Amino acid sequence: MEKFVIRGGKPLMGEVTISGAKNAAVALLPATILAADKCVLENVPDIHDVAVSLQTLAALGAQVRLLDKHTYEIDTTCLTSTQVPDDLSRQMRASYYFLGALLGRFGSAQVAMPGGCNLGPRPIDQHLKAFSALGAADSVEYGMIKVEGKQLKGAHVFFDTVSVGATMNAMLAAVLADGLTVLENVAKEPHVVDLANFLNMMGADVRGAGTDVIKIRGVEKMHGCCYSVIPDQIEAGSFMVAAAMTAGNVLIKNVTPKHLEPITAKLELAGATVEEFDDAVRVYRTGDLMPLKIKTMPHPGFPTDMQPLMGVLLSVAHGTSIITEGIWENRFRYVDELTRMGANIQVDGQVAVIEGVPELLPAPLRASDLRAGAALVVAALAAQGTSEITGIGYIERGYENLVEKLQGLGADIHREETAAPAAEQAM
Ligand code: EPZ
C-alpha cells in the first residue's frame, strides 16, 4: 500500500496542464461499442477508471491499441460478448454505461451492480426506467443487472430526478432505436454534451444536449470517428481551490473556462482572483478568504464533486460558512479528517456549518472517496508541517499524475510505501 507524504505551508506557484475529463471518458469509451468500426479517442486521462473501461472493452472482444499516452484506437467490429465481467464492473460506478451501449447495439447486456465511491445509496432506477420505456426488459438477480430488448423503439422519458448517468445511458440506448426519443428533466453537465457530440460524430442524431430536453432520432447504423475528450472541469476546479487555499498563483492550462463558471463564481466570492483566457485560467489570492453559502445542484449549479474541496477552503475562511449537499446523502465523510486538522465543522444531515479557523494543522489522514481524498491533499498542502494520507487509490481513480503535477507547482509531496499492518508484519 502507498501513502502521500505532504509537507505543507508553501504557496503553489507555476503552471499545470489539466487532463481529459474522467466523467466524459468513462462514457465515451463504452459508446464506441455502438459502431462496428474503429474509433480514435484523444486526450483520454491516464487514470484507473479509464483503465477499467479499456479492460472491459477488451474483455468484450474489442481491439484496443494505445497510439500515445492519451490516445487510443478502439476497434469494436467483432465483439464476442454482451456480458461485462463481474470483477471489472464492480470496480467503478461507470460500468453501467456498458448496459446502454450493449443494449443499443445488440439488444442485450449484463453488468454486475456497479461499485464506485460510497456517497450513499446509488440507485439505477432512472436508468432502468429509460431502458424500459424504449422497450427493454430488465431483471436484477444475484447482483447482476440484465437488460434485453431486440428492437428498441423511440420513447418519451421524463426523469423523476436529474441524473447524469441515467441521461447518458438513455442516450446510448436510444441512438440506434426506431424513431424519436425525447428525454426530459435531463442532466446538463459538460460531459453530457461531450457524449452527444461524440455520438453525432459517429453518425447519430442527438439534439438539445446541455438543455432541459434532449431529442434523439434513431439511425440505422453508426461509424467510427476521431474525437478528443473535453478537459476535466473537476480536476481544474481542484487545482483552482489548491491555488486559492495556499495563497499561490497558478496558471491552469487545457481547460474550458465556461465549464468552470460555477466554480469561478464561488472562488471570486471567497476572495480569490480568477483570470480567464481561451483555454486557461489563472488563480491567485492576496487577501483573506471570506465565508460563503453553497448548495450543490445539477449543472449549471455548483457541482457536488467540488463540495469537499470547498469545504476545505472554507474551513479557514474568516467567518461562518454553510454548505448544503443537494445531490448525495453521504458526502461529508472528509469532515472527520478535517476535524483532526483543527477544523471546526458541524454536520447535520445534508448541511455542514463551518466556523473558519486561523489555520489547519498537519495530521495522519485517510481518504474515503475520490473527491474527499483530493480535498485532504489540498488541506495538507496548506497545513504547516508534514501530513500523511492513506487510501490514495481512491484519489488515483480520478486524478492523473497528481503528485507530479503538484511537484511541478512547488509542492513538497511524494509517495511512500506504508508499513504493512502489524498482522502482516507478524507473519
Ligand atoms: C455522476 O454520478 C458522476 N460520476 C459523479 O461523480 C457525480 O457526483 C454525479 O454524476 C453528479 O454530478 C460519473 O459520471 C462516473 P447521478 P452518477 O445519477 O451518474 C440519484 C466523481 O467524483 N439517482 O447524477 O452516479 C442519485 O442517488 C463522481 O467523479 C437516482 O435516484 O450520479 C443521486 O442522488 C462521484 N436514480 C442523484 O440522482 C438513478 O437511477 C444524482 O446521481 C440515478 C441517480
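## A ligand and its surroundings

By class, the shell around the ligand holds 10 nonpolar, seven polar and seven charged residues. The structure is a predicted model.

**The ligand site**

In total, 24 residues surround the ligand. The closest are Arg93, Asp125, Ser163, Asp305 and Ile327. Where does the ligand sit? Its place is the largest pocket. Four elements give two or more residues to the shell around the ligand: helix 1 (22-31), helix 5 (125-133), helix 6 (164-174) and helix 12 (370-382). Which helix gives the most to this shell? That is helix 5, with three residues.

Next come some distances from protein atoms to oxygen atoms of the ligand. The table lists two polar backbone atoms and one polar side-chain atom.

| Residue | Protein atom | Distance to a ligand oxygen atom |
|---|---|---|
| Val164 | polar backbone atom | 2.7 Å |
| Ile327 | polar backbone atom | 2.7 Å |
| Arg371 | polar side-chain atom | 2.9 Å |

How much of the ligand does the protein cover? On its own, the ligand has 830 Å² of accessible area, and the protein covers 90% of that.

**Helix 1**

Helix 1 is one of the elements that give two or more residues to the ligand shell. Is this helix mostly covered or mostly uncovered? It is mostly covered, with 10 of its 10 residues buried. The buried residues include Lys22 and Asn23. Ala24, Ala25, Val26 and Ala27 are buried too. So are Leu28, Leu29, Pro30 and Ala31.

**Two valines**

Now compare Val335 and Val162. Val335 is in helix 11 (residues 334-339). Val162 lies in the loop between strand 9 (156-158) and helix 6. Why is Val335 counted as buried? Its relative accessible area is 4%, and buried means under 20%. Val162 has 30% relative accessibility. It therefore counts as partly exposed, since that class runs between 20% and 50%.

Each valine can also be paired with a residue elsewhere in the sequence. Val335 and Lys69 are 266 residues apart in sequence. In space, their C-alpha atoms are 36 Å apart. Val162 and Gly14 are 148 residues apart in sequence. Their C-alpha atoms are 38 Å apart in space.

**A buried lysine**

Lys3 belongs to strand 1 (residues 2-8). Is Lys3 buried or exposed? It counts as buried, because its relative accessibility is 12%. Which residue does the side chain of Lys3 contact? Its partner is the side chain of Glu388, in a polar contact of 3.0 Å.

**Backbone details in loops**

Three loops hold backbone features to look for. Start with the loop between strand 17 (293-295) and helix 10 (307-314), where Pro300 is found. The peptide bond from His299 to Pro300 is cis. Its omega is near 10°.

Next is Asn43, in the loop between strand 3 (38-42) and helix 2 (48-59). What is the phi of Asn43? It is near 60°, a positive value in a residue other than glycine.

Then turn to Asn401. This residue lies in the loop between helix 13 (392-396) and helix 14 (402-407). Asn401 is not a glycine, yet its phi is positive, at about 50°. With a relative accessible area of 34%, Asn401 is partly exposed.

Terms used: Residues numbered from 1 in each chain as written. Predicted model: local features only at pLDDT ≥ 70, side-chain atom pairs only at ≥ 80, totals over all residues. Heavy atoms only, no water. Near = heavy atom within 4 Å. Polar contact = N/O pair within 3.5 Å; in protein donor to acceptor, adjacent residues only side chain to side chain. Areas by Shrake-Rupley, 256 points an atom, 1.4 Å probe, with all protein chains shown as cover. 1 Å grid on protein atoms, 1.4 Å probe; cavity = no way out; pocket = protein on both sides within 12 Å on 5 of 7 lines; lining within 4 Å. Sits in = over half its atoms within 2 Å of the grid points. Nonpolar A, V, L, I, M, F, W, Y, C, P; charged D, E, K, R; others polar. Buried < 20%, exposed > 50% of the residue type's maximum accessible area, 1.4 Å probe, protein only.
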